[in-house]
There are 4 protein chains.
Amino acid sequence: MPVKKVDKRDIIKASLKVFRQKGYHSTTMSDIAAACGLLKGSIYHHFEGKEDLMLQTIDFLHAYYSREVFSIAYDESLTGLEKLDRLAAISEDIFMKEKGGCLMANIGLETANDYPRFRVRIKAYFEEWIQSLEHIFGQAYEAEKAREIAEFSVAEIEGAVMLMQVYHDKRYLERAHRHIKNQFMAALAGPEMPATGKVNGAKTQIKRSIAENKEI
Amino acid sequence: MPVKKVDKRDIIKASLKVFRQKGYHSTTMSDIAAACGLLKGSIYHHFEGKEDLMLQTIDFLHAYYSREVFSIAYDESLTGLEKLDRLAAISEDIFMKEKGGCLMANIGLETANDYPRFRVRIKAYFEEWIQSLEHIFGQAYEAEKAREIAEFSVAEIEGAVMLMQVYHDKRYLERAHRHIKNQFMAALAGPEMPATGKVNGAKTQIKRSIAENKEI
Amino acid sequence: MPVKKVDKRDIIKASLKVFRQKGYHSTTMSDIAAACGLLKGSIYHHFEGKEDLMLQTIDFLHAYYSREVFSIAYDESLTGLEKLDRLAAISEDIFMKEKGGCLMANIGLETANDYPRFRVRIKAYFEEWIQSLEHIFGQAYEAEKAREIAEFSVAEIEGAVMLMQVYHDKRYLERAHRHIKNQFMAALAGPEMPATGKVNGAKTQIKRSIAENKEI
Amino acid sequence: MPVKKVDKRDIIKASLKVFRQKGYHSTTMSDIAAACGLLKGSIYHHFEGKEDLMLQTIDFLHAYYSREVFSIAYDESLTGLEKLDRLAAISEDIFMKEKGGCLMANIGLETANDYPRFRVRIKAYFEEWIQSLEHIFGQAYEAEKAREIAEFSVAEIEGAVMLMQVYHDKRYLERAHRHIKNQFMAALAGPEMPATGKVNGAKTQIKRSIAENKEI
DNA sequence: GATGAATGAGACTTCATTCAT
DNA sequence: GATGAATGAAGTCTCATTCAT
């Protein structure tokens, strides 16, 4: 007789959905309770309060991304383009499948000035994202440039997610991903890159990517 | 003895600041009243309620941008690069001088799912922004491409403003502007990427633009 | 050029309508102001406040009834039945033409416990109404009985007006009037009445009434 | 240790008193909360809002009358006069023991124009009251007449309750009841009634009533 | 006399949180 | 662990009243 038990994870998962859609201030403890089949008061057995719940939700989401998404950037069995493709595919899956876009950006903007504890954690998430892209772009750019392009990319993706929300048009995100990939491919192929082994490796790799990757 | 009267404009200006910093749900009518030296109840002489105030604040800001910012894109006494420079300078002035970044993005994300009336107006604002950039980019790209680059640019700027908030680091916006300008310069410098100094090519292009641009 | 001036009377007449329809607590000074083309603040040039306005409205209405309605009961050029008919006609005109029924009953019930100054005045109105009917019924009943029947009649009419409101059916009032008249006619014709000149006069009179009154 | 819990019924009973005395608009949620030992906000655990509370209070009162009062009219172990007597006794008990008279009439008049949902329910209450009297009067009158007399009676009682409030004199209600009873007795005994079995039965019954009923 | 901005008290309602069961 | 009644602070909004113009 499998008794349905609601545990912290379940509550956090429900919070994730609700917070992403309604933001921090507008979601009530009742909303979250309803989303996981509990009553308002019961949540306090698992979390100290709303702020604690938000914090743990951010941490949960960050951990999920570290494990399932950002790690892709360090999977050296993949080419750089393959990495970008996989990241794009996952991002589109996450940001487009459920309403609300990106929890981190939503909560980050909504609470940036009043909840430093949220901000610090959200910053850590973006930092890890940027670093993972930086690692990929390091293949085609020198270190400082790679960092910058990684930042531009995250910015462009998040901006696209925002436009997606405002326009109710999912194509913004796809196009942003394509744009980023094209930039990367151009850099990989670019003659202006110093002739190092790295570049050569990159060039080789890109050909492999093109050959392997039907989607390109 | 001229008695200081608080009129709608004053309230809207105060709202602008407060809404930008705290978002929609977190700012109270008392916050706004305090910000313009009134009592809570007095705001209702000028606005039907909080939602109406937000709406009119959005409209006010949009009108301001149309008049003071987006119009620059259509000032044909300027070259494309000059336009971008001015737009960047103003944007940085606005987004960085006061806390809170971009009201439109903040409110857009926070209320996208629950306040369609906000969303529609915010979308109109972004649409006008994108079109103004599209007009500039039309000089270096064919129509469809110009639209896309304009969208990428707005996304990148808004993403940068978001990172700015989360990182408490103002350089993100400047770099985004630089990135956009560089892309534009590269595009101006011709379809075939010159293997030589990109910058030189761009400089040439600029001169050409200035010379030619009386009628662009 | 006749300049439209709003004076106390105009405000009171507007109040009458609004108070009758919405009751005391639910009508706002703005409602009344709007009903007479003024702004809220302007009413305070004519009345000390809402309570004062209600008081003067009650007095105005009482005075109107004394002059135009209750006086009929003492017009000895009319028979008793004619008096009743005229009273009924006027009542129906007043209570049915405009929404809201009877201001005195509405306000009386709504404020009976909290506004003794209203209650006293409203009581005076009902007292005068009862006395006027008592005067008519004195023709057919001895003094004490006449008073009682007058009270019953006022109660029945007011109860009918209440049912009229609740049922949205105007016939209640007409039927109440008919019922009262029939009782009176029965009393006039009744064999149990002591054979006094008064009664004989009444009997004579009722025949005249019947002859004259097509509606009976 | 049974902790005293306040449940919906308790709140409704408190509401009943407060609404009857102060009317709908003038009673605040705090008034009601205070009347049942809660804080204002706590009421919202049991009711959606003030309107819902009023609605349920009306329904509660109607149900009470159906069960305890109007049912008397259909208790055929009683004579018609006995029924009237009991109804009168209960009415006087209810309307005179507590301040405020008749909730249904008070709220009905105060909100007739603005709260159709109240009106509909209050109308249902009066309809049931009228029908119960119609049932009694059916003994002495033909159907249509019985209905009319029932309406007159309800009107007269409610009008008397109103006068009771305005005059602060409880005798109005007693006299109204006596008047209604007298009319009924007269009808039962009346020679003008067509000589049917029904009437004979009624006549028989009235004698029994008089014999049995010590209070008359 | 009229205006309309401003006041400030108070209304209804929401909600994070607590706690006895 | 879960419940749901209760709390109390705070939020949006209303409105009678005042007053400078």
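**Exercise 1. Find which surfaces chain D and chain C use to meet, and how many residues are in contact.**

Step 1. In this predicted model, 100% of the interface residues of chain D are also interface residues in chain C, so the copies meet through the same surface. Residues are numbered from 1 along each chain as its sequence is written, chains are lettered from A in the order in which they are written, local features need pLDDT of at least 70, side-chain atom pairs count only at pLDDT 80 or more, and totals for chains, interfaces and linings use all residues. Side-chain values use heavy atoms, with hydrogens and water left out, and ligands are numbered from 1 in the order in which they are written.

Step 2. Counting contacts (heavy atoms within 4.5 Å), one finds that 43 residues of chain D touch 43 residues of chain C.

Step 3. Chain D can be laid on chain C by a turn of 180° and a shift of 0.0 Å along the axis, with an RMSD of 0.1 Å, where the superposition is by least squares on the C-alpha atoms of residues with pLDDT of at least 70 in both. The two copies are thus related as by a two-fold rotation axis.

**Exercise 2. Describe the area and the polar links between chain D and chain C.**

Step 1. The two chains bury about 4000 Å² between them, 59% of it on carbon and sulfur atoms; buried area is the accessible area (1.4 Å probe) that two parts lose on being put together, summed over both. Leu109(D), Val166(D) and Tyr167(D) supply 17% of the area that chain D buries against chain C, more than any other three residues.

Step 2. There are four salt bridges between chain D and chain C, each being a side-chain nitrogen of Lys or Arg within 4 Å of a carboxyl oxygen of Asp or Glu. Glu151(D) forms a salt bridge with Arg175(C), and their closest N and O atoms are 3.0 Å apart.

Step 3. The largest share of the side of chain D that touches chain C, 16 residues, comes from H7(D), helices being DSSP runs (H or I, at least four residues) numbered from the N terminus.

**Exercise 3. Locate protein atoms that approach the phosphates of DNA strand F.**

Step 1. Near the strand (a heavy atom within 4 Å of it) there are 33 residues, and the closest are Leu39(A), His45(A), Met29(C), Lys50(C) and His45(D).

Step 2. A backbone N or O atom of Met29(C) lies 2.7 Å from a phosphate oxygen of DNA strand F, while for an N or O atom in the side chain of His46(A) the distance to a phosphate oxygen is 2.9 Å.

Notes. Helix = DSSP H or I, 4+ residues; strand = E, 2+ residues; numbered from the N terminus. Polar contact = N/O pair within 3.5 Å; in protein donor to acceptor, adjacent residues only side chain to side chain.
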